[in-house]
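Colleague: I'm new to this one and would rather get to know one corner properly than skim everything. Please choose a helix, look at it closely, and show me how the rest of the chain sits around it.

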Amino acid sequence: MAAKEAIIITDKDEMRKWTRSMRAQGNTIGFVPTMGYLHQGHLSLVQDAHNQADLIVVSIYVNPGQFSPNEDLSTYPSDFQGDIEKLNSVPGGVDVVFNPKNLYDYGNSQIGNGSERNLEESGGMVVSCVEDKGMGHETWVRVEKLEKGLCGNSRPVFFRGVATVVTKLFNIVEPDVVVFGKKDYQQWRIIRRMVQDLDFGIKVIGSEIVREHDGLAMSSRNVKLSTADRQRALSISRALSRAQVEAEKGQVNCRELINTAILTITEAGGTVDYAEIVDQESLEPVETIKRPVVFCVAVCFGKVRLIDNMEIDV
């Protein structure tokens, strides 16, 4: 049997028209937002979406609103044709790949006309690539408490950009169900809260982390690791797994678990951005494990920043 070939849609209005037409025929729509350069972890999200909906839409869009000008937007890996082939190979395939060119282009963009803003011109505030390039976008969605801490400390525009682009995608794709990977744990929790607070009629599914055979969490950034750094990066999953085992054995002092994990990672050559044990719902740091928590880390090996986490239910 020939694999299903996805329809590729680039226009926002055409995307809405497709969804509304399919829903009028009684179908439910599952949605998997991605930034492309897909790996098996992304494909597992598509498989989970098949369990929740009749038809599947996958978006491929590298969102400038979640990158600050000094981050790796311009070097983010891309392989659109390879992505399409991978999606077509998933059992059941996907129905639509939504691949817009620029979700912040409203016909009045002044890119290239001297509208770029530097830090001094923006009052010292860190801005995203959208504002830096003068794209004319003014409206942002924030989940104010959950976006603080963890990745929010070192990437101050990131979750504002994520929540905004996901809102835009929800308004364009109009799905019934959306699937996010739990590797980006803070992002998943933020989207769940945003959907609840803003009354989106969308079910948010969290899909478990998919790991390489040696334990490294799958990420589009893994391709940037040198051979040596990739080997060193295995210390992340080792540290998290050890903490999980120790907690299950009765070690509930978070500071001791965190210090041990940091030592494991730094001895392997990693630079720890953060290592925190937080409540699974509120993402507030905890000192003693008395309820379900998640151990979240962000680590740099060379110039590559990796995130990972492990839930601890004791």
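Modeller: I'll start with the whole chain, then go to the helix and its surroundings, and finish with another helix elsewhere.

A quick word on the ground rules. This is a predicted model, so local features need pLDDT of at least 70 and side-chain atom pairs count only at pLDDT 80 or more, while totals for chains, interfaces and linings use all residues. Residues are numbered from 1 along each chain as its sequence is written, and side-chain values use heavy atoms, with hydrogens and water left out.

The protein chain has 10 helices and 9 strands (DSSP runs numbered from the N terminus: H or I, at least four residues, for helices; E, at least two, for strands). Its radius of gyration is 20 Å, close to the 20 Å that the globule rule gives for 314 residues, so the chain is as compact as a globular protein of that length (the radius is taken over C-alpha atoms, and the rule is 2.2 Å times the number of residues to the power 0.38). Along the principal axes, the C-alpha atoms fill a box of roughly 55 × 55 × 40 Å. Of the 314 residues, 53% are buried (under 20% relative accessible area; exposed is over 50%, partly exposed is in between, with a 1.4 Å probe and protein chains only). Among contacts with a separation of 6 or more, 73% join residues 24 or more positions apart (contact means heavy atoms within 4.5 Å).

Now the close look, at helix H9. This helix covers residues 234–248, and at 1.5 Å a residue its 15 residues should span 21 Å; the end C-alpha atoms are 22 Å apart, which agrees (the expected span is 1.5 Å times one less than the number of residues). Which residues of H9 are buried? They are Leu 234, Ser 235, Ile 236, Ser 237, Ala 239, Leu 240, Ala 243 and Ala 247. A general point helps in reading that list: an α-helix has 3.6 residues a turn, so residues three or four places apart point the same way.

And what do those buried residues pack against? Two helices, H8 (227–232) and H10 (254–267), are there, along with strands S8 and S9 (304–312). After H9 comes Gly 250, with a positive phi near 120°.

The strands by H9 lead on to some other residues. Strand S8 covers 293–301, and the loop between strand S7 (271–279) and S8 holds Leu 283. Most residues other than glycine have a negative phi. Leu 283, though, has a positive phi, near 65°. This leucine is buried, with a relative accessible area of 8%.

At the other end of S8, Gly 302 sits in the loop between S8 and S9. Gly 302 is exposed, at 57% relative accessibility. Its C-alpha atom is 8.8 Å from that of Gly 269, though the two glycines are 33 residues apart along the chain.

Thr 271 belongs to strand S7. Thr 271 is exposed, with a relative accessible area of 52%. Beyond its neighbours within four places in sequence, it is in contact with Ala 298, Val 299 and Cys 300. From Thr 271 to Ala 298, the C-alpha distance is 8.7 Å across 27 residues of sequence.

For another helix to set beside H9, look at H3, residues 80–89, where Asn 88 lies. The buried residues of H3 are Gly 82, Asp 83, Ile 84, Leu 87 and Asn 88. Their cover includes strand S1 (7–9), helix H2 (40–50), strand S3 (55–60) and strand S4 (96–98). Asn 88 is buried at 16% relative accessible area, and, leaving out residues up to four places away, it touches Ala 3, Lys 4, Glu 5 and Ala 6.

In strand S3, you'll find Ser 59. Ser 59 is buried, with a relative accessible area of 1%. Its contacts, again not counting residues up to four places away in sequence, are Phe 31, Val 32, Pro 33, Thr 34, Phe 98 and Leu 169.
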